[in-house]
Amino acid sequence: MSPRPKSDKSKHLRFEIRMTKETADKLEYCSEQLEVSKTEVIQRGIDLVKSEVDKK
């Protein structure tokens, strides 16, 4: 078996956050409903906020 191919956008940065149980539950809910990872939910959220900032 060959190793997984490297991505052009390798993810080598780690970021740790603290959140309330309510926020963690919302993240879990969104992840399950969208059938994506929690990381993907967070990345989409960042993209939404950035597009809102860019409109200003």
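**Close-ups of a predicted model**

Glu 35 is exposed, with a relative accessible area of 72%. Keep in mind that this is a predicted model, and take a look at the views below.

**View 1. Glu 35 sits in the loop between helix 1 and helix 2.** Here's a little oddity to look for: the phi angle of Glu 35 is near 55°, which is a positive value in a residue that isn't glycine.

**View 2. Helix 1 and helix 2 cross at roughly 100°.** Helix 1 covers residues 21-34, and helix 2 covers residues 38-55. Their axes come within 9 Å of each other. With that crossing angle, helix 1 is roughly perpendicular to helix 2. Which residues meet here? From helix 1 you'll find Leu 27, Glu 28, Cys 30, Ser 31 and Leu 34, and they meet Lys 38, Val 41, Ile 42 and Arg 44 from helix 2.

**View 3. A salt bridge joins the side chains of Lys 38 and Glu 28.** The N to O distance is 2.9 Å. Lys 38 belongs to helix 2 and Glu 28 to helix 1, so this pair ties together parts that are ten residues apart in sequence. Are these two buried or exposed? Lys 38 counts as partly exposed at 40% relative accessibility, and Glu 28 counts as partly exposed too, at 29%. If you're wondering about the chemistry, side chains of opposite charge can pair when their charged atoms come close.

**View 4. Asp 25 and Lys 21 pair up within helix 1.** Their side chains form a salt bridge at 2.7 Å, N to O. The two residues are four apart, about one turn of the helix. Lys 21 counts as exposed because its relative accessibility is 58%, while Asp 25, at 39%, counts as partly exposed.

**View 5. Helix 2 has its own salt bridge, between Asp 54 and Lys 50.** The N to O distance is 2.7 Å. Again the partners are four residues apart, about one turn of the helix, and both are exposed. How many salt bridges are there in the model? The count comes to four.

**View 6. Five residues make a nonpolar patch on the surface: Phe 15, Ile 17, Met 19, Ile 42 and Ile 46.** Together they have about 530 Å² of accessible area. Met 19 lies in the segment before helix 1 and counts as partly exposed at 36% relative accessibility. Ile 42 is in helix 2 and is also partly exposed, at 38%. Now find Ser 7: its C-alpha atom is 20 Å from that of Ile 42, and the two residues are 35 apart along the chain.

Definitions and conventions:
Residues numbered from 1 in each chain as written. Predicted model: local features only at pLDDT ≥ 70, side-chain atom pairs only at ≥ 80, totals over all residues. Heavy atoms only, no water. Patch = residues over 30% accessible without salt bridge, like charges linked within 9 Å, V, L, I, M, F, W, Y side chains within 5 Å. Areas by Shrake-Rupley, 256 points an atom, 1.4 Å probe, with all protein chains shown as cover. Buried < 20%, exposed > 50% of the residue type's maximum accessible area, 1.4 Å probe, protein only. Axes fitted to C-alpha atoms, helices over the stretch in contact; angles between N-to-C directions. Parallel < 35°, antiparallel > 145°, perpendicular 65-115°, else oblique. Contact = heavy atoms within 4.5 Å.
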